[in-house]
2 protein chains.
Amino acid sequence: MSLSTQPYKGARDFYPEQKRLQSFMFGKIRQVVHRYGYEEYDAPILEPLELYLAKTGDEIVNEQTYTFTDRGGRQVVIRPEMTPTVSRMVAAKRQELGYPLRWFSIPNLWRYERPQRARLREHWQLNVDIFGVASTQAELEVILIADQIYQSFGATHDMYEIRLNSRKFMDFVLSEYLGLDGAQAYSMAKLIDRMNKMERGVFLAQADLLFTPSIREAGALERLVKVLDAKKFEQLPEILQSHATIANIRATLQLLEDNGVRNARFDSTLMRGFDYYTDIVFEVFDLHPDNNRAMMGGGRYDGLVALFGVDPVPTVGFGLGDVPLANFLEAHGLLPNLRVETDLYAVIVGDVQEAAQRTVSELRSMGLNVAIDLSGKKLGDQFKTAQKKSVQHVIIVGENELAEQQFKLKNLLTGVEETHSLSRIVSIVKDHRKTDVFDEAE
Amino acid sequence: MSLSTQPYKGARDFYPEQKRLQSFMFGKIRQVVHRYGYEEYDAPILEPLELYLAKTGDEIVNEQTYTFTDRGGRQVVIRPEMTPTVSRMVAAKRQELGYPLRWFSIPNLWRYERPQRARLREHWQLNVDIFGVASTQAELEVILIADQIYQSFGATHDMYEIRLNSRKFMDFVLSEYLGLDGAQAYSMAKLIDRMNKMERGVFLAQADLLFTPSIREAGALERLVKVLDAKKFEQLPEILQSHATIANIRATLQLLEDNGVRNARFDSTLMRGFDYYTDIVFEVFDLHPDNNRAMMGGGRYDGLVALFGVDPVPTVGFGLGDVPLANFLEAHGLLPNLRVETDLYAVIVGDVQEAAQRTVSELRSMGLNVAIDLSGKKLGDQFKTAQKKSVQHVIIVGENELAEQQFKLKNLLTGVEETHSLSRIVSIVKDHRKTDVFDEAE
């Protein structure tokens, strides 16, 4: 019986065409985060299980991680998220690092879930974090970076929306305003986090179950609904509108508006899944009707670094996944037609392989990326191979060409065929490289 | 009790300084392989266990893999090598792809081993493969690429050596010339693979144990030693010198010499660990006395793609690890002093944070990578932070500077301080970027 050629379920093979798209996306992303002074880091994909037990959230750790025992008897996890790892790394060098510390990474992450269109078992995720800034300038900066990332692909503000909430505010709503105890408030927060994936009736019934009789009789469900249905601060119950815990949401929204970001709004239903957030949380929503979902999210988590026994460090960060980004670009027609890295394909006529190799070496030393056909097939078949590989230019190398040092260059896109010296060929092909990179598809 | 800040044993955290080195190495590598027309691919880090059972080799699969059962009951492995994966991917699109097919990848790989200096549990490895070429032109091309990679870092041929052998030749030696049966020949090949890590006496004793009495009496050990001690073809027993199975080694060495690679030689002790090689195998050895070891290796494996039930594809490929490469560059003094990506650090005087942000935005839109100090600390402390981050230039932004649009720019390397307009600052800093990138350390 032969082996299966399928990749592991819910994970992707990246053939050159897909890898090219990934490199294009990550290249743009790196450019934006470097612009803001962020430095790249990385870490092992395996971490000890303990790292996630404290603050990642029960559902993820108990049901969705790839956890196993290694040959040395240690419980390890293939990282489901990067935030605990980066907090660990900062804690290890707490004193040596300079703050504000700006770091990013593009790790692959694993979750055991039923694979869906925008949620796979393996995905890549940009992680951007700023450490050491307690003011909302930190929220402003990372949200501006997220905004700039979408803009860098040609997106406009009508294509997506930035939504903000505050864990501190929601804690106040659940604990003080509604009067839930700690465990009830935790369950209610988890329920709200799932509410947009549920029937409203089911949500209301489950929410109601979390109230004790006295809280229920005090009209808690009605009050909760009023909070969750508020699309603006003004629609909140009056006592909440000017509460201290809402101040940072107002401040962040104002700063964003001052910086030209007008597609941001308050959203009291936004919770985020992780337990470590301490105040502002935010998400960017794709507004395309076929693709209406959160594409990235983050928030402030001031307590995580201190779990490693060092002084706390105020931190704001976000994660932005490759799959929702690719879906967004596709839905909005922002995917460019990406050029292959190979500039030129050398086809060989007759028994001149060794001499052709020298010619190709010369072209490479002049800066071209050149693949040579070593199949010994007929000329027409060699041209077909060049086409399969989407290489734009073909050079024909035969006995006469080598003798005269004049070579036929064919542009497979336009059909134009010209005869030139090697150096002329190099400059023609390089010119195309400049103009065609990331050109829009017709 | 607080959490540990240590990474998983035998794996590395990449702080920005280490990540910069990795990006530098992989950047150079990508440039070289693109020059030869290779396209990048990738695949999930998890593969089904079956993929490795056929041809990876018992020791690796049974003792060194990270194998576990996922939540769906499937036995999976964190990939210990990339060759089975790339063969799977080629087999899946056997008919659609154009040959010669040239692919590369830089995956992270995992092996459960006792961590040593040049062998960690997680490492990255360049994989270069050419599919569809049965002639030694394929061996020539991939070995030239390996050679070019070392050259691209400034290495010279006296720093390393390329060693070649042939599995076909060794099979002939073990089976026909010495008369071992299949199982004995397999064990002997594995023993030879480890011989350079053993005392010679121990090796000889263990080798002797693999002979049956009649083979032993025919002088097998002496004949084996003569083969393994041969440094050139001429030192082999005469009957082997011109044997057909040695022809491809001779041909490859000749082609390499014709292409200016004179540091390649025959090495009859070279086996390589994997079971899938079918003819030529090769390694590149670091000749530095402190670092004398194989840095990369590969060979021809014509049978692997066919395991997936499609027609066989002749293939030659190699793997080149990040750790031996970094050790090589360090030992030979080839590590450059790498520039941080952040061009400019903005320090703030007085209560002008919001206005300073606008100035910094302007600098970014003119193409500079700028980090802004949001700490509110004293000027001297902000300068210290810039130094900690190794940013070369600092711009001072205060009320006067904003009013006059003239800003102090300080070069922290030279100590030079000048006052300029923003656009002048941009061109000064960009000029430094050009000259200082990858500048050699003093």
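In the predicted model, A:Lys408 has A:Thr419 as its bridge partner in strand E17 of chain A. The two strands concerned are E16, covering residues 407–411 of chain A, and E17, covering residues 417–420 of chain A; they run antiparallel and are joined by four bridges. Together E16(A) and E17(A) form a hairpin with five residues between the strands. In this hairpin, A:Gly415 adopts a positive phi near 85°.

Beyond this hairpin, the arrangement of the two chains was examined. A turn of 180° with a shift of 0.0 Å along the axis lays chain A on chain B, and the RMSD is then 0.1 Å. The two copies are therefore related as by a two-fold rotation axis. The residue of chain A that comes closest to the rotation axis is A:Phe68, whose C-alpha lies at 3.2 Å. Both copies use the same surface, as 100% of the contact residues of chain A recur in chain B.

The contact between the chains draws 64 residues from chain A and 64 residues from chain B. On the side of chain A that touches chain B, the most is given by helix H1 of chain A (residues 16–35), which supplies five residues. Sorted by class, this side of chain A consists of 30 nonpolar, 15 polar and 19 charged residues.

Terms used: Residues numbered from 1 in each chain as written. Chains lettered and ligands numbered in written order. Predicted model: local features only at pLDDT ≥ 70, side-chain atom pairs only at ≥ 80, totals over all residues. Contact = placed C-beta atoms within 7 Å. Nonpolar A, V, L, I, M, F, W, Y, C, P; charged D, E, K, R; others polar. Pairing = 2+ DSSP bridges. Least-squares fit on C-alpha atoms with pLDDT ≥ 70 in both.
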